[in-house]
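The exercises below concern salt bridges and exposure in one model. Work each task before reading its solution.

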Amino acid sequence: MKAWLLILALVLPALVARAETYKIDPAHSFIRFSIRHLLGTARGEFHKFSGTIELDEKQPEQSLVNFRVEVKSIDTTIRKRDEHLLGADFFEAERFPEITFRSRSVKQTAAESGDVRGELTMHGVTHPLLLHVKLLTKSPTRTRWSVTAEPIRRKDFGLMFSGTAETLSGIGQDVTPSIEIDSVRAD
């Protein structure tokens, strides 16, 4: 009887391996975006964000991703444009201070990449979003990921202002995200 308990004590931890939790390191990560308009391309980024990655290497489909972006941290390098984006015409940052993403499923598509399906909530509206992720590096304490997604349509999230002004400015509907995430093991 004691031998069975000893074997169980040695084998059980391996059978119940759990996901490793990583916290996003904003100092070494970026969330950028671009959007076409009449005069070219406007670019920007968010400076304040946080989140976690629960990485299950043995069962990748059990992995989870959650992140939050502080809307007021937007930076397009033009202060007046940032103020306009934060106001009532677009983000309404006082009323909707965060953009969030919660994964719903993960599918490994190659040895170091996968698709993360989830829900993006912005401006009080939630829509599905598919992220294509690629593991760039992994050490015992850190991971680095490249993340791409299909363009996000502003209209889907109610980020529209005057129709006439939009037509004259030639501002596009599609916002293209560009993301790299560095994360530090939390457990």
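**Exercise 1.** Find the salt-bridge partner of Arg95 and classify the exposure of both residues.

Solution. Arg95 pairs with Glu92, and their closest N and O atoms are 3.6 Å apart. This satisfies the definition of a salt bridge: a side-chain nitrogen of Lys or Arg within 4 Å of a carboxyl oxygen of Asp or Glu. For exposure, buried means under 20% relative accessible area, exposed over 50%, and partly exposed in between (1.4 Å probe, protein chains only). Arg95, at 59%, is exposed; Glu92, at 22%, is partly exposed.

The model is predicted: local features need pLDDT of at least 70, side-chain atom pairs count only at pLDDT 80 or more, and totals for chains, interfaces and linings use all residues. Residues are numbered from 1 along each chain as its sequence is written, and side-chain values use heavy atoms, without hydrogens and water.

**Exercise 2.** State which strands the salt bridge between Arg104 and Glu119 ties together.

Solution. The N to O distance is 3.2 Å. Arg104 belongs to strand 7 (residues 98-110) and Glu119 to strand 8 (residues 113-122), so the bridge ties parts 15 residues apart in sequence. Strands are DSSP runs of E, at least two residues, numbered from the N terminus. Arg104 is exposed at 54%, and Glu119 is partly exposed at 33%.

**Exercise 3.** Place the salt bridge of Glu180 with Arg144 in its network.

Solution. The closest N and O atoms are 2.8 Å apart. Glu180 sits in strand 12 (residues 174-185) and Arg144 in strand 10 (residues 142-149), 36 residues apart. Through shared partners, salt bridges join Asp25, Arg142, Arg144, Glu180 and Asp182 into one network.

Conventions: Helices (H or I, at least four residues) and strands (E, at least two) are DSSP runs, numbered from the N terminus.
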